[in-house]
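Colleague: I would like a close look at a single part of this model. Please take one strand and follow it through to whatever it meets.

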Amino acid sequence: MNPSTQPSEHVIQEVLSALPHERAELLPALDALNGRLGYLPRAAIEAAAQHFRLPAREVYGAATFYSMWSVGAPPGEGVCLCGDGPCHAAGAEGVRRALEKAGVEVRRTSCLGQCGRGPVIVTGSLLYRQVTPRGINAILAGKAPKPLAPTDEIIGIEVEDRAHALLRNVGRIDPRSLEEALAAGAYQALRRALTEMTPEQVVDEIATAGVQGRGGAGFPAGLKMRFTAAGAKSADGVAYVVCNADESEPGTFKDRILIEGDPHQLLEGIALAGYGIGAHEATIYIRGEYTGPAALLEQAIRDAEAAGCLGCDIAGRGFDFHIHVHRGAGAYICGEETALIESLEGKRGEPRLRPPYPTTCGLFGKATLVNNVETLCNLPGIIAHGAAWYRQTGTEKAPGTKLYPVSGRVERPGCLEAALGQLTLRQVIEGPAGGLRGDAPFKACHLGGAAGAIVGPGFLDTPLDFGSCQAGGAMLGAGDVVVLDAGTCIVDYVRAVATFFRAESCGKCTPCRVGTERYIQILNDLVSGQGTPQQLGELTSWGEVMVDSSFCGLGQTAPTAVTSGLSLFREEFEAHTRGECPAGVCRL
Ligand SMILES: Cc1cc2nc3c(=O)[nH]c(=O)nc-3n(C[C@H](O)[C@H](O)[C@H](O)COP(=O)(O)O)c2cc1C
Ligand code: SF4
Ligand code: FES
């Protein structure tokens, strides 16, 4: 419905009266109100406060936390441009200059999960990928964006036996068809678990398979399930599964491809996890910008419930399991598991102190298993074929496959799936990614997402698995590979990364709130030729403060790109303090 066709008080009344008064409904209510009204006027905040019996200041605090909502006034005219690392490497600055020259107001947006097809802009509700300065006239004239099929973004499946690949069905089945998913084997593992295995056996099988969490830290999935099952048993027996599909880290777009290409694989994985830990409810927390994937999941859940694959009394075994989809509203910090839980409870997404961990005290104080999309997609294969089968792929310490989202200055950016540890960074770049784009040689790679380290040519022969990357002084993280060529100015690049962290710091703790701001001031000075040698020391000392004393992983990893870039390319930083940019990028 067009926001302008109904008086706003009717819309507010209509939205709120359809919702229960529980606090957890506050964010869905604000989302619906923002969607219907185009923004959140004071009257909507006050009415929501009344409906949920909260002080208006608390509703206002929650509403202003999330970047997708506009509080107090409609969003301004103009275009949103993503300038985060991968889009920056792909030429976002040139697009910004062209837009400004055309008289368009350019607003910043954080990463939109399309990093393999940057630079990305959004006008109104339309998203354009691979935008060039020359292409903006057509966009401004209203030319429709090119649609993308999930397979367009897959650059390779380097897995000996395709049955092991999580992407095996992508492009082969219609993701909207439960029948095609069933024909490809969907829900057989769940049926097997319910008919032949106890919950403990399911957890044991996953633990024996040795699958490491794919959300960034590589924590053993089986162990986390054991902790959660034990956490529930030692309390009132209630447990929840939360699937983390927030995927807001610049450089990461793998979970979207898994969802868009094969949603039932994920739903089955979530149900298996639920059976293992004794849960009957799960929530998929999906980033707000993924409207299409969220709708696809909702439809897939409805279809699976109607067919008895999910819902009540699954496979006639008396197991009830319901999956809900919750859309975020624009906040990278909500990928952090405790911030995500706060957000699900209807609050600002500020991290909680750990311990207690979610495994004992998570959503609504209950034992909660939080796992990444890719992690959960591994479970059906493990339960259908067994842990020994699963371990045939990957290495002893890092079994299974991994999705690697590749972006930046390569010929073929996109998502690669390979056996863990099978390919080195060089093999990924020179093989599926098609080598460097253009004539400039390799300079560096930003590995493992915005929170990861910048690595140089010395890292090229490191196998891409959790342990090997760590031994080499970096983190594999979510597997992101952002390739930078010799035309890249590292100081300018890390400024783009630091801009992301400053925008996304939740502000709860001082080291991160102030440190990310100070980083930007210094890096702005350096790229404009105003920096001093003393400021390089300040980058290091602020980095130490943030790592040592930030409250959560965001602040603790925010300096990584800057400090690793500084230690690898110190002479380039020093040149900027003399007013020189060796790459010729900064306008000093
Ligand atoms: C700032 C921040 C953002 C994060 N974003 C995500 C995310 O988008 N997706 C994700 O799965 N994990 C993310 N994580 C990690 C989660 O906190 C959590 O460890 C993960 O979801 C656990 O899943 P796994 O065990 O399957 O890896 C983030 C962590 C931090 C500190
Ligand atoms: S480290 Fe940053 S994101 Fe984390 S709680 Fe502190 S201010 Fe918030
Ligand atoms: S979409 Fe621009 S960095 Fe991800």
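Modeller: What follows is a walk along one strand, then its partner, then the ligand. Bear in mind that this is a predicted model.

Start with strand S10, residues 367-372. Six of its six residues are buried, so S10 is largely enclosed by the rest of the structure. Buried here means under 20% relative accessible area. In a regular strand the side chains alternate between the two faces of the sheet. In S10, Ala 367, Leu 369 and Asn 371 point one way. Thr 368, Val 370 and Asn 372 point the other way. Both sets are buried.

Now the partner. Strand S6, residues 239-245, is joined to S10 by six bridges. The two strands run parallel. Opposite Asn 371 of S10 stands Cys 243.

Asn 371 also leads to the ligand. The shell around ligand 1 has 18 residues, and Asn 371 and Asn 372 are among the closest, along with Gly 215, Lys 224 and Thr 375. S10 gives the most to this shell, with three residues. Helix H24 (553-557) supplies at least two.

Three side chains deserve a look. A polar side-chain atom of Asn 371 lies 2.8 Å from an oxygen atom of ligand 1. For Lys 224 the corresponding distance to a ligand oxygen is 2.8 Å. For Thr 375 it is 2.7 Å. Taken alone, ligand 1 exposes 610 Å², and the protein buries 87% of that.

By type, the shell holds three nonpolar, nine polar and six charged residues.

Terms used
Residues are numbered from 1 along each chain as its sequence is written. Chains are lettered from A and ligands numbered from 1 in the order in which they are written. This is a predicted model: local features need pLDDT of at least 70, side-chain atom pairs count only at pLDDT 80 or more; totals for chains, interfaces and linings use all residues. Side-chain values use heavy atoms; hydrogens and water are left out. Buried means under 20% relative accessible area, exposed over 50%, partly exposed in between (1.4 Å probe, protein chains only). Helices (H or I, at least four residues) and strands (E, at least two) are DSSP runs, numbered from the N terminus. Two strands pair if DSSP finds at least two bridges between them. A residue is near a molecule or strand if one of its heavy atoms lies within 4 Å of it. A polar contact is a pair of N or O atoms within 3.5 Å; within protein, one must be able to donate a hydrogen and the other to accept it, and residues adjacent in sequence count only if both atoms are side-chain atoms. Accessible areas come from the Shrake-Rupley method with a 1.4 Å probe; for residues, only the protein chains shown count as cover. Ala, Val, Leu, Ile, Met, Phe, Trp, Tyr, Cys and Pro count as nonpolar, Asp, Glu, Lys and Arg as charged, and the others, Gly among them, as polar.
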